[in-house]
Amino acid sequence: MINIPSTFRISFRALRVNKMRSALTMLGIIIGVGAVITMLAVGTGASRRIAEQISSMGSNLLIILPGATTAGGVRMGAGTQPTLTMGDADAIKRECPSVSDVAPVLNGVAQVIYGHQNWSTGVIGTTPSMLVVRDWPLASGRSFTDQDVKSATKVCLLGQTVVDNLFGDMNPVGQFIRIKNVPFVVIGVLAPKGQSAQGQDQDDTIYVPVTTAQKKLFGTSFPGMIRIMMVKARSTEDLAPAERQINELLRQRHHIGPKQDNDFTVRNLTQIMQTAEQSTKVMTLLLGAIASVSLLVGGIGIMNIMLVSVTERTREIGIRMAIGAKTWDIRLQFIIEALTLSLIGGVAGIIAGISTSELISALAGWTTIVSPLSILLAFGFSGMVGIFFGFYPAYKASLLDPIDALRYE
Amino acid sequence: MAIVEAKDISKIYRLGDIDLKALRGVSLTIEKGEFVAVMGPSGSGKSTFMNILGCLDKPTSGRYLLENVDIGDLERDELATIRNKKIGFVFQGFNLLPRTSAVENVELPMLYDGVPAKERRDKSLEALKDVGLEGRGDHHPNQLSGGQQQRVAIARALVNNAPIILADEPTGNLDTKTSAEIMEIFVRLNTQSNITIILVTHENDIAAYSRRIIKFLDGRIISDEKVVKS
């Protein structure tokens with residue numbers, strides 16, 4: 001049997017002789033492997049971002065918006081009519097078995113003042129359930145209680161962005177701030193959460209008891225009115241039943257007849273995000289597949305060069321055969337040569353792919369993740385390309401007639 | 001002991017509809033240790049005959065026994081093994097691998113015989129020394145003269161201890177003085193190591209180094225006589 005290390009040496013030497021040609025042939029593989037790795041990195045990065053956003057939003061989340069009104073035949077958009085009440089929120093929590101918790105939201109924008117600093121931010125009136133629904137822990141201090149909600153105390157929780165803007169490095173817990181000129185005690189700080197799926201800063205917010213918001217900040221003519229509700233289902237499987245149960249319950253509570261439209265809308269955000277995640281995964285696969293095509297083209301380049309090489313070295317093949325090279329000795333020699341081309345190209349391509357991914361991260365600001373699996377995949381694939389496209393030229397070389405090959409000029 | 005036995009060998013090439021009879025019934029026995037010169041004009045069939053002797057080709061009919069093994073029964077890879085172990089080739093155009101050092105060229109037959117690297121290197125250097133190229137192992141063919149290249153080729157033919165050397169016009173590309181030096185090596189290998197040498201040549205003074213001259217014409221042997229050394 002043939003001596004593999006010497007064959008590798010022979011292959012290296014043959015490739016070194018035609019440096020330019022070898023480099024150009026490898027370029028096909030380099031671009032192919034680089035493209036596969038970059039595309040997978042971009043795709044994986046996008047999926048990861050979406051997954052992070054899903055978890056930052058809170059899992060198994062439903063949002064109930066007040067419904068559209070129809071005023072004189074003109075249909076208004078969703079949320080134009082205030083139809084949801086605290087009573088609805090309590091009823092959903094009480095009567096829908098698939099719902100684990102409900103957080104009402106009455107929100108508005110308000111100017112917030114602490115000492116000489118002031119800041120405009122979104123103020124959300126809610127209940128302690130909010131932190132459960134949104135999986136949002138506190139960084140310091142304590143949450144407000146159901147008792148706070150009942151007695152409409154003037155306490156608040158600050159998001160990290162608000163803390164940064166009003167307090168800087170100071171500890172805000174225990175300090176007084178004024179929201180719309182109403183004094184509030186800061187009792188806790190929310191843990192930083194980052195951007196939402198829509199690119200909103202989720203930390204630029206203040207939580208206050210919903211009753212306090214109703215009475216002191218965003219008073220409306222309807223007592224107990226809230227803007228939206230956030231509902232947490234017991235599990236991912238419970239999302240659909242929860243949606244159905246809420247629909248039934250609210251239709252009943254709002255006295256909506258069988259032929260009338262809902263005056264509220266239930267949105268399954270988790271589902272929307274999961275769909276987005278799914279489509280990103282499909283996109284990643286698609287990008288990877290397209291990039292693989294260029295790897296295939298690179299492989300054809302290798303085959304082309306190997307065929308030329310076999311023709312050029314016919315005489316060498318004849319000499320080797322005359323002094324005792326067997327069929328597989330010749331085949332292995334050329335396969336190893338093709339493999340050497342494709343593997344060196346593969347390694348260079350991996351480096352190129354990683355650098356390109358880094359560059360895309362730096363320039364476009366996209367999250368890119370080069371997974372070890374994609375490196376392994378690309379490397380293995382380039383090796384397979386080498387063997388696959390090296391085989392035919394090698395096979396052709398091994399079938400040469402030694403006499404003809406020796407006479408070849 | 002007969003090392004080569006050819007029995008009524010014929011070789012027919014089909015060129016389209018025409019059958020070209022390159023050999024028309026050649027029978028020949030060569031004993032171990034003989035030094036044979038094969039002569040004849042081009043187209044006489046001597047090259048075809050040499051290809052068959054060298055196991056590069058098979059006869060269309062007739063039998064060829066090499067050390068009592070019938071070559072006609074062997075597969076392609078078995079023929080390669082026979083060429084590797086039994087036959088050393090020396091060509092007119094040297095046929096060394098370009099861009100490959102002398103010692104690596106000599107190692108080649110052992111590479112296909114699975115000889116370990118250290119032993120390969122030692123035997124190659126030994127063979128190079130044997131043909132008078134000590135210290136030239138690192139030279140590439142294009143750094144060597146024609147005579148030196150042919151010595152490398154002879155070393156390559158020797159290195160696997162093949163009992164037969166087939167030399168196809170080994171001095172065809174060399175000047176008279178170098179030719180004489182190369183022929184001296186053949187004579188020495190023949191007399192000292194008892195290697196059977198079969199040599200194709202056009203030139204009478206090269207054939208004169210041998211001890212038996214076989215002449216081909218039109219695919220047949222027309223004369224086969226011992227050389228009378230004066």
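This is a short walk through a predicted model, with suggestions for what to select at each stop.

**Stop 1: two helices of chain A**

Start by selecting residues 19–57 and 269–312 of chain A, which are helices α2 and α9. Their axes approach to within 8 Å, and the crossing angle is roughly 175 degrees. Which way do α2(A) and α9(A) run relative to each other? They are roughly antiparallel, since an angle over 145 degrees counts as such. Colour the contact between α2(A) and α9(A) by residue class and you should find 23 nonpolar, 16 polar and three charged residues.

**Stop 2: further along chain A, α11 and α12**

Next, pick residues 327–364 of chain A, helix α11. Its 38 residues should span 56 Å at 1.5 Å a residue, and its end C-alpha atoms are 53 Å apart, so the two values agree. Step on to Gly365(A), which follows α11(A) and has a positive phi, near 75 degrees.

Now take residues 372–398 of chain A for helix α12. This helix has 27 residues and covers 38 Å from first C-alpha to last, close to the expected 39 Å. Where is the kink in α12(A)? Zoom in on Phe391(A): a kink of about 35 degrees sits there, shortly before the proline Pro393(A).

**Stop 3: Tyr408(A)**

Keep going to Tyr408(A), in the segment after α13 (402–407) of chain A. Tyr408(A) counts as partly exposed, because 15 other C-beta atoms lie within 10 Å. Show its surroundings and, setting aside residues up to four places away in sequence, you'll see that Tyr408(A) touches Thr314(A), Arg315(A) and Gly318(A). For a sense of scale, draw a C-alpha to C-alpha distance from Tyr408(A) to Phe218(A): these two are 190 residues apart in sequence and 95 Å apart in space.

**Stop 4: a positive phi at Asn181(A)**

Still in chain A, select Asn181(A), in the loop that joins β8 (176–179) to β9 (182–190). Asn181(A) is not a glycine, yet its phi is positive, about 70 degrees. Is Asn181(A) buried or exposed? It is exposed, because just 9 other C-beta atoms fall within 10 Å, and 12 or fewer is the cut-off.

**Stop 5: where the chains meet**

Bring chain B into view and select its contacts with chain A. On the chain B side there are 20 residues, in contact with 18 residues of chain A. Two helices of chain B, α2 and α3 (102–111), each supply at least two residues of the side that touches chain A. Which element gives the most to that side of chain B? That's α2(B), with six residues. By class, the chain B side holds eight nonpolar, five polar and seven charged residues.

**Stop 6: Gly72(B)**

From α2(B), residues 76–86, go back to the loop between β5 (69–70) and that helix, and pick Gly72(B). Gly72(B) is partly exposed, because its count of other C-beta atoms within 10 Å is 14. Apart from neighbours within four places in sequence, its contacts are Lys58(B), Pro59(B), Arg63(B) and Tyr64(B). A C-alpha to C-alpha line from Gly72(B) to Lys226(B) gives 29 Å, with their positions 154 residues apart in sequence.

**Stop 7: two more loops of chain B**

Select Gly33(B), in the loop between β2 (18–31) and β3 (35–39) of chain B. With 16 C-beta neighbours inside 10 Å, Gly33(B) counts as partly exposed. Look for Asn194(B) and Thr196(B): Gly33(B) touches both, leaving out residues up to four places away in sequence.

Then jump to Glu169(B), in the loop between β7 (164–168) and α6 (176–193) of chain B. Its phi is near 45 degrees, a positive value in a residue other than glycine. Glu169(B) has 19 C-beta neighbours inside 10 Å, so it counts as partly exposed, with 20 needed for buried.

**Last stop: Leu217(B)**

Finish in strand β9 of chain B, residues 212–217, by picking Leu217(B). Leu217(B) is partly exposed, with 15 C-beta neighbours inside 10 Å. Beyond four places in sequence, it touches Gly40(B), Ser44(B) and Ile222(B). Add Gly43(B) to the selection too: it is 174 residues from Leu217(B) along the chain, but their C-alpha atoms are separated by 7.9 Å.

How values were computed:
Residues are numbered from 1 along each chain as its sequence is written. Chains are lettered from A and ligands numbered from 1 in the order in which they are written. This is a predicted model: local features need pLDDT of at least 70, side-chain atom pairs count only at pLDDT 80 or more; totals for chains, interfaces and linings use all residues. Axes are lines fitted to C-alpha atoms, for helices over the stretch in contact, and angles run from 0 to 180 degrees between N-to-C directions. Helices (H or I, at least four residues) and strands (E, at least two) are DSSP runs, numbered from the N terminus. Angles under 35 degrees count as roughly parallel, over 145 as roughly antiparallel, 65 to 115 as roughly perpendicular and the rest as oblique. Ala, Val, Leu, Ile, Met, Phe, Trp, Tyr, Cys and Pro count as nonpolar, Asp, Glu, Lys and Arg as charged, and the others, Gly among them, as polar. Two residues are in contact if their C-beta atoms, placed from the backbone, lie within 7 Å. The expected span of a helix is 1.5 Å times one less than its number of residues. The bend at a residue is the angle between axes fitted to the seven residues ending there and the seven starting there.
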